[in-house]
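Welcome! Let us walk through this structure together, starting with one small puzzle and then stepping back to take in the whole.

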Amino acid sequence: MTNDDEMAFEMALIRRAAAVEVLLRRLLDDRALSGEIARPERLMAAMRHGVLNGGKRLRPFLVMESAALFSADGEAALRVAAALECVHCYSLIHDDLPAMDDDDLRRGQPTVHRAFDEATAILAGDALLTLAFDIIAGDATVLPAERRSALVLALARAAGPGGMVGGQQLDLDAEHAPPDEAGIIRLQAMKTGALIRFACEAGALVAGAPVEDRERLAEFGSAIGLAFQLADDLLDLTADIGQMGKATGKDAAAGKATLVALHGDAWARAQLNGLVGQAHELLEPYGDGAMLLKQAATFVATRNS
């Protein structure tokens with residue numbers, strides 16, 4: 001990216017993140033909704049701690065920019081973006097628990113189980129996952145019922161046993177039986193890639209775009225999902241805690257199988273270049289309207305935190 005392109009992308013990322021933040025604050029209010037009985041103060045505080053703690057909001061950005069390809073990046077896309085961020089943040093809260101990765105820091109702040117306690121962190125994650133589907137299914141997400149249903153189904157498949165959660169299990173299994181290259185790719189496509197793939201596909205779903213567009217954007221999401229994980233594995237080896245806002249070097253210390261560990265830095269960087277090229281090519285039919293999504297692909301591969 002040129003300096004001007006990079007600045008335009010960063011400003012767009014900040015603008016989208018700010019809009020999502022405003023909505024998330026409203027969604028995580030202590031006041032009970034119709035049909036709810038009460039929202040316990042400590043639970044809501046833990047949920048806010050796990051969600052309203054900065055972060056690039058890349059997945060929400062991808063939802064809204066993919067919707068923008070079809071002039072559909074309005075309130076409904078924003079709510080789907082916020083729902084996806086709730087799922088992502090739930091996964092981080094649970095991933096940080098002692099039984100999982102046992103991390104003390106997330107985005108430069110104490111993890112939820114450190115700021116509160118383990119039981120509250122588990123419940124905060126549970127509540128965020130459930131809230132995500134409430135957000136999409138609710139009447140405030142003004143879309144035809146069949147689109148809301150399709151979004152709920154697609155997010156459930158991306159987040160569940162055949163997606164992110166299944167990938168987490170494969171990651172745990174890998175500590176005892178390191179997978180081969182195909183196994184690593186499958187693990188990463190599920191654990192990291194599934195939600196990114198959904199983020200890109202969701203814009204087409206919000207817009208009611210043809211199935212060909214939905215499939216193309218899902219393929220774009222798969223490419224940048226793999227790029228995201230490759231870049232993350234490189235950063236785990238090369239970045240420090242100040243850059244990442246969390247512990248680094250843990251994968252190498254644990255002897256965890258990654259594509260970087262298998263093939264080395266130079267191979268990984270070459271793969272990243274190829275994945276960015278593939279992602280850009282997939283977006284060619286959308287012309288200049290896809291410029292920010294192309295820049296997002298480049299950002300994913302070249303980020304330093």
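How far is the sulfur of cysteine 200 from the closest cysteine sulfur, and which cysteine holds that sulfur? In this predicted model, the partner is cysteine 89, and the two sulfurs lie 17 Å apart, too far for a bond. The bond in question would be a disulfide, a covalent bond between the sulfur atoms of two cysteines. To count as one here, a pair of cysteine sulfur atoms must lie within 2.5 Å. Cysteine 89 has its own closest cysteine sulfur in cysteine 86, at 7.0 Å, and that too is too far for a bond. The count for the model comes to 0 disulfides. Both of the cysteines we started from are tucked away: cysteine 200 is buried with a relative accessible area of 1%, and cysteine 89 is buried with 0%.

Now let us step back to the whole chain. Its secondary structure consists of 15 helices and 2 strands. The radius of gyration is 19 Å, close to the 19 Å that the globule rule gives for 305 residues, so the chain is as compact as a globular protein of that length. Laid along its principal axes, the C-alpha trace spans about 55 × 50 × 35 Å. Of the 305 residues, 50% count as buried. If you look at contacts between residues at least 6 apart in sequence, 71% of them join residues at least 24 apart.

What about the outside? The chain exposes about 13,600 Å², and carbon and sulfur atoms supply 54% of that area. As for charge, there are 29 positive and 44 negative side chains, with the centres of the two sets 4 Å apart.

One helix deserves a visit of its own. Helix α3 covers residues 58–68, and 10 of its 11 residues are buried, so it is largely enclosed by the rest of the structure. Among these buried residues are Leu58, Phe61, Leu62 and Val63, and also the charged residues Arg59 and Glu65. Which elements cover them? The cover includes α1 (3–27), α4 (75–95), α9 (181–207), α10 (211–238) and α15 (291–302).

Our last stop is threonine 120, which lies in helix α6 (residues 118–137). Is threonine 120 buried or exposed? Its relative accessibility is 12%, and it counts as buried, since the cut-off for that is under 20%. Leaving aside neighbours within four places in sequence, threonine 120 is in contact with Arg42 and Ala46.

Definitions and conventions
Residues are numbered from 1 along each chain as its sequence is written. This is a predicted model: local features need pLDDT of at least 70, side-chain atom pairs count only at pLDDT 80 or more; totals for chains, interfaces and linings use all residues. Side-chain values use heavy atoms; hydrogens and water are left out. Helices (H or I, at least four residues) and strands (E, at least two) are DSSP runs, numbered from the N terminus. The radius of gyration is taken over C-alpha atoms; the globule rule is 2.2 Å times the number of residues to the power 0.38. Buried means under 20% relative accessible area, exposed over 50%, partly exposed in between (1.4 Å probe, protein chains only). Contact means heavy atoms within 4.5 Å. Accessible areas come from the Shrake-Rupley method with a 1.4 Å probe; for residues, only the protein chains shown count as cover. The place of a charge is taken as NZ of Lys, CZ of Arg, CG of Asp or CD of Glu.
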